[in-house]
Amino acid sequence: MSQHDVKNEIVRLLSANEFLSGEELGSKLGMSRAAISKHIKALQQTGLDVFSLQGKGYRLAENIDVISQEQLINAGLSSAIQVDVHNIVSSTNDLAKEGIREKRNGHVYIAEAQTMGRGRHGRQWHSPFGANLYFSMVWHFDGGFQAMSGLSLAVGVALCEACDVVGVPEARVKWPNDVLINDKKLAGILIETEGYSDGSCSAIIGCGVNYRMPGSTETIDQPWTDLTHVSRSTLDRNEVAVALMNALYATLQSFEVEGFESFKDKWEHLDAFKGREVKVSTGVKETLGIASGVDSSGALLLEVCDDDNNKVIKHFHGGEVSVRVR
Ligand code: BTN
């Protein structure tokens, strides 16, 4: 059994039992108590809240709504989506990247924890065990990179629509690819690509959606929120994952045929910053203006004043947007 498989099995056994001693775990897995203790420590480092009580053994602090293929299917996962469920991985984007060309559109990798979860601009993506949702979907584009223009914005729309499906209609998009609730980050999207000599390319669409963020979040450098806090009802983690994957699959199917143009109105309707004073940062340059939606390629439109004090619209194809604080 690999190191990962042992950890997966420990979590499965702890989820199914109230308490299990190191000895009991050891005898089930054919290893010493000391080896079990090492694996538990490593699991704790991925953010899994396991505690031990003298004389009783180990226990999960909170019951984890574990993701499983069976539950995903029961919750209505589209039969077009092939899903690989993992416990601890480095990054679901890395898994999806392996042998990507052979994978079908809609192949998804989902994991309980990521040890090297990546965000945009080389940031780390906090991925504690069993807490939030971390998944990556594969999609191939015969038309190459050009056919992907505006893709990350369309994915943001899909995530907002999925939130609506599970009873959280407040999710909004932030250009280019964040999902916010009340200006706090709910989800992030990291799209990585592979291009081929025939001009086609593949996209790995990585989505991190905050479902239930646990206590220690010192490594997160921006305001965040999660679905559990925002929702008025109890949300089932597998059902939320299914809503997200189904919405993403449906969006990619239309996007492939119609491009971003058909998502432009939906995106603008969900725009968290429309009509607000914002700052767009591109490298060292900062531009202030009024967020005015996007064009049909997905570029951000910013209303600014030119040298003669006339209002003009500037198009941004890259950069970071923040709300201007006066
Ligand atoms: C962002 O910076 O807003 C993008 C965050 C993307 C995180 C997701 S989680 C699943 C996938 N695997 C990764 O390593 N990153 C993406």
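The legends below walk through several close-up views of a predicted model.

Before you start, residues count from 1 along each chain as its sequence is written. Since the model is predicted, local features need pLDDT of at least 70 and side-chain atom pairs count only at pLDDT 80 or more, while totals for chains, interfaces and linings use all residues, and side-chain values use heavy atoms, leaving out hydrogens and water.

**View 1. Helices H2 and H3 cross each other.**
Here you're looking at H2 (residues 22-29) and H3 (residues 33-45), whose axes come within 8 Å and cross at roughly 100°. That crossing makes H2 roughly perpendicular to H3 (65 to 115 degrees; under 35 would be roughly parallel, over 145 roughly antiparallel, and the rest oblique). The axes are lines fitted to C-alpha atoms over the stretch in contact, and angles run from 0 to 180 degrees between N-to-C directions. Helix and strand names come from DSSP runs, numbered from the N terminus: helices (H or I) have at least four residues and strands (E) at least two. On the H2 side, Gly22, Glu23, Leu25, Gly26 and Leu29 make the contact, and on the H3 side it's Arg33, Ile36 and Ile40; contact means heavy atoms within 4.5 Å. Sorted by type, the residues of this contact are four nonpolar, two polar and two charged. In that sorting, Ala, Val, Leu, Ile, Met, Phe, Trp, Tyr, Cys and Pro are nonpolar, Asp, Glu, Lys and Arg are charged, and the others, Gly among them, are polar.

**View 2. The largest nonpolar core holds 69 residues.**
A nonpolar core is a set of buried Ala, Val, Leu, Ile, Met, Phe, Trp, Tyr and Cys residues joined through side-chain atoms within 4.5 Å. Buried means under 20% relative accessible area, exposed means over 50%, and partly exposed is in between, using a 1.4 Å probe and protein chains only. In the largest core, the residues that touch the most other members are Leu133, Leu151, Leu159, Ile205, Met245 and Leu248. Helix H8 (residues 237-258) gives the most to this core, eleven residues. Zoom in on Leu151 and, setting aside neighbours within four places in sequence, you'll find contacts with Phe141, Ile191, Ala203, Ile205, Leu252 and Phe255. Apart from this core lies another one, of 19 residues, including Val6, Leu25, Ile40 and Leu48. In soluble globular proteins, nonpolar side chains tend to be buried together.

**View 3. Ser200 sits in the loop between strands E8 and E9.**
The flanking strands are E8 (184-195) and E9 (201-209). At 9% relative accessibility, Ser200 counts as buried. The Ser200 side chain makes a polar contact with the side chain of Asp198, at 2.7 Å. A polar contact is a pair of N or O atoms within 3.5 Å; within protein, one must be able to donate a hydrogen and the other to accept it, and residues adjacent in sequence count only if both atoms are side-chain atoms. Skipping neighbours within four places in sequence, Ser200 is in contact with Arg101, Phe141, Asp142, Gly144, Glu194 and Gly195.

**View 4. A cis peptide bond joins Trp175 and Pro176.**
Omega is about 0° at this bond. Pro176 lies in the loop between strand E6 (172-174) and strand E7 (178-181), and Asn177 is in the loop between E6 and E7 too. Asn177 is buried, with a relative accessible area of 6%. The Asn177 side chain reaches the backbone oxygen of Ile189 at 3.4 Å. Not counting neighbours within four places in sequence, Asn177 is in contact with Arg120, Ser152, Gly188 and Ile189.

**View 5. His121 and Asp183 both have a positive phi.**
Most residues other than glycine have a negative phi, and most peptide bonds are trans. His121 has a phi near 55° and belongs to the loop between strand E4 (108-114) and strand E5 (133-141). With a relative accessible area of 54%, His121 is exposed. Asp183, with a phi of about 65°, lies in the loop between E7 and E8 and is partly exposed at 36% relative accessible area.

**View 6. Thr225 lies in the loop between E9 and helix H7 (227-230).**
Thr225 counts as buried, at 11% relative accessibility. Leaving out residues up to four places away in sequence, Thr225 touches Ile181, Lys184, Lys185, Leu186, Asn210 and Val230.
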